[in-house]
Amino acid sequence: MRILLVGAGGTLGGAVRRALVARGHEVIGVGRSGGDLVADVARPEEVARLYAEAGPLDAVAVAAGDAVFRPLGELTADDFAATFRGKALSQLELVRQGARHVAATGSFTLVSGVLTEEPIVAGAAASAANGAVEAFVRAAAIELPPRRINAVSPTVAEESLPSYGPFFAGMEAVPAARVATAYVRSIEGAQTGQVYRVR
C-alpha cells in the first residue's frame with residue numbers, strides 16, 4: 001500500500017513507519033519541518049497542497065498532534081483553540097479533504113490518547129481534543145464506506161517518559177513499537193469506527 005504518514009519524524013511516527021515499511025508498504029512521511037513532504041496540517045490550505053503533491057494513496061495515518069498542557073485555571077481561550085486546531089481539527093481536515101484522494105478501499109487512522117478516559121492535572125484541553133477525535137471517528141465511519149476510519153489511543157510511550165513522564169505519574173508506559181502494531185491493525189484490517197486502545 002501507499003501510505004501517507006503524518007508525524008513520521010516523531011517518536012511514535014518513527015515506530016509506525018518502521019512497522020509499515022517492514023511489512024512492505026510504501027510510506028510517505030510528512031512533517032512540519034522535514035520529511036518526504038513538508039506541511040503544517042493545522043492549515044487547510046496546506047492539507048490541500050499536501051494531497052496534491054502526494055498523489056494516489058491507499059491510506060492516511062496520523063501519529064502526531066499538538067496540545068497545550070496547563071492547569072485548567074491557567075488555560076486561555078487561545079490555549080483551547082490551539083489544542084483543538086493542533087490535535088483535532090487538523091485530523092478532521094485530513095479526512096474531509098482526503099476522502100477525495102484515498103482509494104475507495106482505503107483507510108484513515110487517526111490518533112487520540114489515554115487522556116480521553118484517564119484525565120490528568122493540566123490535561124483538560126488534550127482530553128477534550130482527544131474525545132472530539134474519537135467521536136468524529138465513530139460518526140465518519142457511517143459516511144465514509146467503503147473507505148474505513150479508526151483511531152489509535154495510546155498511553156504514554158516509554159521513549160517519551162523523559163519529556164512527558166511527570167505528567168503521567170503512576171501510568172504504565174508502553175513501547176512505541178507496541179503502539180505501532182495498532183496502526184498496522186487499523187490499516188491492514190477490515191474494521192471501521194474503532195478506537196484501538198494501547199495501554
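How far apart are the end C-alpha atoms of H3, and what span should its 22 residues have at 1.5 Å a residue? The legends below start with that helix and then move outwards; please keep in mind that this is a predicted model.

**View 1. Helix H3, from end to end.** Helix H3 covers residues 77-98. At 1.5 Å a residue, its 22 residues should span 32 Å, and the end C-alpha atoms lie 29 Å apart, which agrees. Have a look at Arg85 while you are here: H3 has a kink of about 45° centred on this residue.

**View 2. The buried side of the story for H3.** Buried residues of H3 include Asp79, Thr83, Gly86 and Lys87. Further along the helix, Ser90, Gln91, Leu94 and Val95 are among the others that are buried. A general point helps in reading this view: an α-helix has 3.6 residues a turn, so residues three or four places apart point the same way. The cover over the buried residues of H3 includes strand S1 (2-6), helix H2 (44-54) and helix H4 (124-140). Strands S4, S5 and S6 also contribute to that cover.

**View 3. H3 as the link in a β-α-β unit.** Strand S4, helix H3 and strand S5 together make a right-handed β-α-β unit. The two strands, S4 (residues 57-62) and S5, pair in the parallel sense over 4 bridges. To find your place in this pairing, look for Ala61, which stands opposite Thr109 in S5.

**View 4. Strand S5 and its neighbour S6.** S5 (residues 102-111) is mostly covered, with 7 of its 10 residues buried. S5 also pairs with strand S6 (residues 148-154), in the parallel sense and over 5 bridges. A handy landmark here is Val111, which faces Val152 in S6.

**View 5. The whole sheet, and the helix lying on it.** Follow the order S3-S2-S1-S4-S5-S6-S7 to trace the 7 strands of this open sheet, whose pairing is parallel. At the edges are S3 (37-38) and S7 (195-198), each of which pairs on one side only. Helix H4 packs on the sheet and touches S5, S6 and S7. The direction of H4 makes about 155° with that of S6. Elsewhere in the sheet, S1 runs parallel to strand S2 (residues 26-31), and 5 bridges join the two. Within that pairing, Leu4 has Ile28 in S2 as its bridge partner.

**View 6. Two backbone details in the loops around H4.** Most residues other than glycine have a negative phi, and most peptide bonds are trans. Against that background, Ala122 has a positive phi, near 80°. Ala122 sits in the loop between S5 and H4. Its relative accessible area is 11%, so Ala122 counts as buried. In the loop between H4 and S6 you will find Pro146, and a cis peptide bond, with omega about 10°, joins Pro145 to Pro146.

**View 7. Phe167 and the residues it meets.** Phe167 belongs to the loop between helix H5 (161-164) and helix H6 (176-188). Is Phe167 buried or exposed? The answer lies in between: its relative accessibility is 31%, so Phe167 counts as partly exposed. Leaving aside residues up to four places away in sequence, Phe167 touches Phe69, Ile120 and Ala122. For a sense of scale, the C-alpha atoms of Phe167 and Gly10 are separated by 19 Å, with the two residues 157 apart along the chain.

Technical notes. Residues numbered from 1 in each chain as written. Predicted model: local features only at pLDDT ≥ 70, side-chain atom pairs only at ≥ 80, totals over all residues. Heavy atoms only, no water. Buried < 20%, exposed > 50% of the residue type's maximum accessible area, 1.4 Å probe, protein only. Pairing = 2+ DSSP bridges. Right-handed = clockwise from strand over helix to strand, strands pointing away. Expected span 1.5 Å × (residues − 1). Bend = angle between axes of the 7 residues up to and from the residue. Contact = heavy atoms within 4.5 Å. Axes fitted to C-alpha atoms, helices over the stretch in contact; angles between N-to-C directions.
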